[in-house]
Amino acid sequence: GKEVTSQFTIRNNNNFAENYTVDLAKFELQQGGKPVLKPLTKQDAFGGWMTFVEPQFSVAPNQTKTVKFAITPPQGSSLGYYYALIINRTHEGQGV
């Protein structure tokens, strides 16, 4: 039930600006221990526990950007939820 905040940093090594979006997926292990990313479904209420200050953002050429996020589980929630952050590049030149 306690909020946890963190951040990650992304670097654009190109000589042009890049636009990105952040998505969430479930991180699960298949039989034999192989990791699998699966889309969140409506039944995965824990997906709403994570919020991003900027779910869409741009990074200037040869620059870095720090993206902050928070995980706010409800009171009484248990352990055992695993997320994967998926950073998708959007088309060049599109505004975010």
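Glutamate 18 is a good place to start: setting aside residues up to four places away in sequence, this residue touches Asn12, Phe57, Ser58, Val59, Arg89 and Thr90. Keep in mind that the model is predicted. Glutamate 18 sits in strand E2, which covers residues 18-29. With a relative accessible area of 2%, glutamate 18 is buried, because buried means under 20%.

One of those contacts deserves a closer look. The side chain of glutamate 18 makes a polar contact with the side chain of arginine 89, at 3.2 Å. These two side chains also meet in a salt bridge, again 3.2 Å from N to O. The pair ties together distant parts of the chain: glutamate 18 belongs to strand E2 and arginine 89 to strand E7 (residues 83-89), with their positions 71 residues apart. What about arginine 89, buried or exposed? Arginine 89 is exposed, because its relative accessible area is 57% and the cut-off for exposed is over 50%.

As a bit of background, side chains of opposite charge can pair when their charged atoms come close. How many salt bridges are there in this model? The count comes to 5. Here are three of them, with the N to O distance for each.

| Acidic residue | Basic residue | Distance (N to O) |
|---|---|---|
| Glutamate 18 | Arginine 89 | 3.2 Å |
| Glutamate 28 | Lysine 26 | 3.9 Å |
| Glutamate 54 | Lysine 65 | 2.9 Å |

Take glutamate 54 and lysine 65, whose side chains meet at 2.9 Å. This pair, too, links distant parts of the chain: glutamate 54 is in the loop between strand E4 (50-52) and strand E5 (56-59), while lysine 65 is in strand E6 (residues 63-71), and they are 11 residues apart. Glutamate 54 is partly exposed at 28% relative accessible area, and lysine 65 also counts as partly exposed, at 22%.

Then there's glutamate 28 with lysine 26, where the closest N and O atoms are 3.9 Å apart. Glutamate 28 is partly exposed, with a relative accessible area of 29%, whereas lysine 26 counts as buried at 13%. Both residues belong to a network of salt bridges that links Lys26, Glu28, Lys38 and Asp44.

Finally, the pockets. The largest pocket has a volume of about 180 Å³. Which residues line the largest pocket? The lining is made up of Gly1, Trp49, Ile71, Pro73, Ser77, Ser78, Leu79, Gly80, Tyr81 and Tyr83. Sorted by class, that lining has 6 nonpolar and 4 polar residues, and no charged ones.

Methods
Residues are numbered from 1 along each chain as its sequence is written. This is a predicted model: local features need pLDDT of at least 70, side-chain atom pairs count only at pLDDT 80 or more; totals for chains, interfaces and linings use all residues. Side-chain values use heavy atoms; hydrogens and water are left out. On a 1 Å grid over the protein atoms alone, a cavity is a set of points where a 1.4 Å probe fits but cannot get out, and a pocket is an open set with protein on both sides within 12 Å along at least five of seven lines; lining residues have an atom within 4 Å of a point. Grid points are joined across faces, edges and corners, and a volume is the space filled by probe spheres set on the points. Ala, Val, Leu, Ile, Met, Phe, Trp, Tyr, Cys and Pro count as nonpolar, Asp, Glu, Lys and Arg as charged, and the others, Gly among them, as polar. Helices (H or I, at least four residues) and strands (E, at least two) are DSSP runs, numbered from the N terminus. A polar contact is a pair of N or O atoms within 3.5 Å; within protein, one must be able to donate a hydrogen and the other to accept it, and residues adjacent in sequence count only if both atoms are side-chain atoms. Contact means heavy atoms within 4.5 Å. A salt bridge is a side-chain nitrogen of Lys or Arg within 4 Å of a carboxyl oxygen of Asp or Glu. Buried means under 20% relative accessible area, exposed over 50%, partly exposed in between (1.4 Å probe, protein chains only).
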